[in-house]
Amino acid sequence: MVKNALRTVLFSFFILSCCACSVSPSYSRRDIESTIKNLCKQEFNIDVKVWEAGDTIWVYSPFEKIVNSKGGLENDVSERIRRILLSLRRVILSMENRPKFYCFVASDINVGFDLYYVWRINDLVLFEVGYISLGDFQEREAFIYALNTKALGDTEGSHISRYDIKLGEFISYLIKQNIEKKFNSENVKDNFRINDLRTRYYNGKLEINFNIMIKKYKEGLLYPFDEAVAVTKKILKVYDYPAEIKEVTIHDAFNKKSRFYTRKALIEDK
Amino acid sequence: MTNSNWKKYWKLHWIKIIVGLVGLALFSILVYLLVVGMKSFVELESFYKKMTLASIPLQLFLGIITAFIFAGIYTFFSFYFFYGGGMAKLGQKKVKPADVNVKWTDVVGMESVKKEVWEAINLIRDRAQLKRVGGKIIKGILMVGPPGCGKTYLAKAIATETGLPFLPAVGSEFVGMFVGIGTARMKSLFKEARILADLNGGCIIFIDEIDSIGRHRMADSGGGAGLDHNATINQLLTEMDGLRQVENNIIIIAATNVREDELDSALTRAGRFERKIYIARPRLHDREKLFEYYLKKVKYEALIDTKLLARRALGFSPADISSMVGEASLIAVRNRHERITYKDLSEAYDRVVFGLKSEVFLSDEEKVWIAYHEAGHAIIGYLTHPTDDVIKASIIPRKDFLGVVGHRPKEEVNVAPKEYWLANIKISLGSYAAEKIKFGTTGSGVSSDFEHALLTAHNMVWLWGMGESGMLGNFYSLALEDAYGRTELNVSDAMKQKLEEDTQKILRYCLKDVEEILTREKELLEYFAQELLKKGELEYDEIVEIFKKYGKERPQDRSL
């Protein structure tokens, strides 16, 4: 009985090894643009525009109407966006030599409104294999929206400036997004007003400038500067203090307070 | 194949056909699912394929670990319950001959039994010689006898003399909560014995109270007890002399209090418990030796006559004698004696025979009642019994009794004639007659006396053919036992009625005689009762004095 069991185990292992050896990537980096387009068309009958810019994939889809009367996404729009992102993920994950970022742009061509969804592909892989939760993955998504008259009538996506997104830039989007989210949350939004919030990354330097006014003081209120520092450190820690960010400057215009960090100082000052 | 042939085939094999079809359907579904699964796997994108493959080794590893854990748990419980570990193991461990330490000289008395057993020991010791002659080694020795007569003690002496390992067990240990426990424990016992026999050249298994498992096999009345009992005894039979047995130098000694015919005949046949040794209560000479043996272990007065003690301790087993000497030593300590005196032994005798004095409080009226009750027993016993002496009369409560009259013969009675039994009945009825004569009414204290009288009269008629109607035979030999062990008398109702009438006639005859005697000896009855009330207890000498005073003699004295 033991011999039979052992034989079964060894045979199964052999078969699996053979299967594992034959797993080659389903998609090629060379044809990434056409692959994504064709997949969206075949699977969901959706037309998209796809460009590759360095290590960033840009996908564009025009919509007649994105936002509903309540300020959320229209049902069919979110479903379509979900399908496009699904196809995108399938292709990117099953490809050799994956790009580093992908950016999906949805434009309301009647109103002139752009929505940008930016993800780091490595974060997507970590989520798919279960290394990070859905909540963590959603926190690592950069979501930007803006009115843009150039989007009016643009079905080809020509108004989108496509470039290779860098990690430093991506991190700066996330920091801005998180600070905004923090001071616009339900329990504190009546106490603060964000007059100005800008982040910038260039030549290895990350700058965070903000002017957040305290409207109504209460016990235990967040201190904007400290919160900004905390958010910055948290996000940099998630990405393991990337080497390309050499310096960080945080400037609170309202309280006239600034701080300068080197990368080493940030690592040591955990 | 014709239509009728198909029908016949279907009738014979329809279960197999249906099971086969269902099996085939399940197999086909399994194959289909496998093919679909493989196909889907192949069509997966590379990332998801890799994810699936990557998880398989871990799942396999976890599956193997889980399988090992469950296999381990299952094996442990199987072993614990059924195959020789835990519940299937007997509690007792092997006893080495040196630890037993009961020498042959420690077995006192029972010379004839010892002679027979010695022969068995020599056969065990000298197996080689027996084999040269071509004989077979004894497999089993069955010792039968009343409790406390030295069966276990003798078995220990055998173990010491043979120098072989000794595995003791008790029959009730093979009775367990679950069916199969008895069988498993029996297997476990013999397995251990085989190992010890291999190592030491032989082994002795001693099963005490073998009647717990050795009675006749019976049908199961539900619940599994009968099945378990049969399985256990079958296992013992197989181990002793089954198909697979090889010569293994294991000797099984068993002891029981029940009669040999109450055990399963397959156990007692030749080839199993072929050697039967009957151990009876010690005779006068043996009792004397026993008293000498036990008294040597304690300090006692040199004047104590062991012959007298032996005569007094008629019917005592060796255990009773040991208990009596032990009690005497405690009484000596209580009375602050340096050595055990005859009085201590006498008190110990009373304790063993009649029981400990109890703390029941009796009113004066109750004492009077009991005094006349016991006086009735004593007078009838003294005046009518052909063999027994009245050795004690007491109105001091002991054990469950408010009073007691003790009587015993001078020597062992091996054949008891009709007069003996009639006298016993008369003694029992003496209390009833005395109460009637003295108080004009009777009490509830006669219940045990009636029980004894009725049982004796019943046996006289039903077993010994002593009834007036002349009906002869042992009517209990006609009892039929069914498969469940229940017995039913194969006697007609008319015959039962006649036998019962004979029983009642004996009782009435005895009562009439007793009433006549006590009416005639009313003065003696009064005196005896008053003496009892005055002293509480009357010993043998005092009793004889009372009767001598009234010029009465015993029937055995009259015959001289």
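Domain bounds, as I use them here, come from an automatic or database domain assignment. I note at the outset that this is a predicted model.

**Entry: domains of chain B**

I looked up the assignment for chain B and found domain 1 (14-82), domain 2 (97-278), domain 3 (284-354) and domain 4 (364-559). Taking centres over C-alpha atoms, I read a separation of 82 Å between domain 1 of chain B and domain 4 of chain B.

**Entry: the largest pocket**

I then turned to the largest pocket, which holds about 1100 Å³ of space. I counted 34 residues in its lining, and those nearest its centre are Phe401(B), Val404(B), Val405(B), Gly406(B) and Asp449(B). Which elements supply at least two residues each of this lining? I listed α14 (342-354), α15 (364-384), β6 (388-394), β7 (404-409), α16 (418-439) and α17 (447-462), which belong to chain B. The largest share, 6 residues, comes from β7(B). Sorting the lining by character, I got 16 nonpolar, 11 polar and 7 charged residues. In terms of domains, I saw that domain 3 (284-354) and domain 4 (364-559) of chain B each give at least three residues to the lining of the largest pocket.

**Entry: the second largest pocket**

For the second largest pocket I noted a volume of about 500 Å³. Its lining is made of 17 residues, and Phe143(A), Ile144(A), Tyr173(A), Gln177(A) and Glu180(A) are the closest to its centre. In chain A, at least two lining residues come from each of α5 (134-139), β5 (142-147), α6 (167-183) and β6 (192-202), while the largest share, 8 residues, is that of α6(A). I recorded the division of this lining as 6 nonpolar, 5 polar and 6 charged residues. Why do I place the second largest pocket between domain 1 (32-164) and domain 2 (168-268) of chain A? Both domains give residues to its lining, so the pocket lies between them.

**Entry: the sheet with β6 of chain A**

Since β6(A) had come up in the pocket lining, I followed this strand into its sheet, an open one of 4 strands in the order β6-β7-β8-β9 (chain A), with mixed pairing. The edge strands are β6 and β9 (257-262) of chain A, each of which pairs on one side only. Ignoring direction, I read an average turn of 10° between neighbouring strands of this sheet. I found that β6(A) pairs with β7 (residues 205-214) of chain A in the antiparallel sense over 10 bridges, and that Leu197(A) has Phe210(A) in β7(A) as its bridge partner. Helix α6(A) packs on this sheet, where it touches β6 and β7 of chain A, and its direction makes about 170° with that of β6(A).

**Entry: the parallel sheet of chain B**

My last look was at an open sheet of 5 strands in chain B, ordered β2-β3-β4-β1-β5 and parallel in its pairing. At its edges stand β2 (166-170) and β5 (275-278) of chain B, each with a single partner strand, so one side of each has no neighbour in the sheet. Here neighbouring strands are turned by 15° against each other on average, direction ignored. I noted 5 bridges in the parallel sense between β2(B) and β3 (residues 203-208) of chain B, and within this chain the bridge partner of Val170(B) in β3(B) is Asp208(B). Helix α6 (residues 151-162) of chain B packs on the sheet and touches β1 (140-144), β2, β3 and β4 (250-256) of chain B, with its direction at about 175° to that of β3(B).

Conventions. Residues are numbered from 1 along each chain as its sequence is written. Chains are lettered from A and ligands numbered from 1 in the order in which they are written. This is a predicted model: local features need pLDDT of at least 70, side-chain atom pairs count only at pLDDT 80 or more; totals for chains, interfaces and linings use all residues. Side-chain values use heavy atoms; hydrogens and water are left out. On a 1 Å grid over the protein atoms alone, a cavity is a set of points where a 1.4 Å probe fits but cannot get out, and a pocket is an open set with protein on both sides within 12 Å along at least five of seven lines; lining residues have an atom within 4 Å of a point. Grid points are joined across faces, edges and corners, and a volume is the space filled by probe spheres set on the points. Ala, Val, Leu, Ile, Met, Phe, Trp, Tyr, Cys and Pro count as nonpolar, Asp, Glu, Lys and Arg as charged, and the others, Gly among them, as polar. Two strands pair if DSSP finds at least two bridges between them. Axes are lines fitted to C-alpha atoms, for helices over the stretch in contact, and angles run from 0 to 180 degrees between N-to-C directions. Contact means heavy atoms within 4.5 Å.
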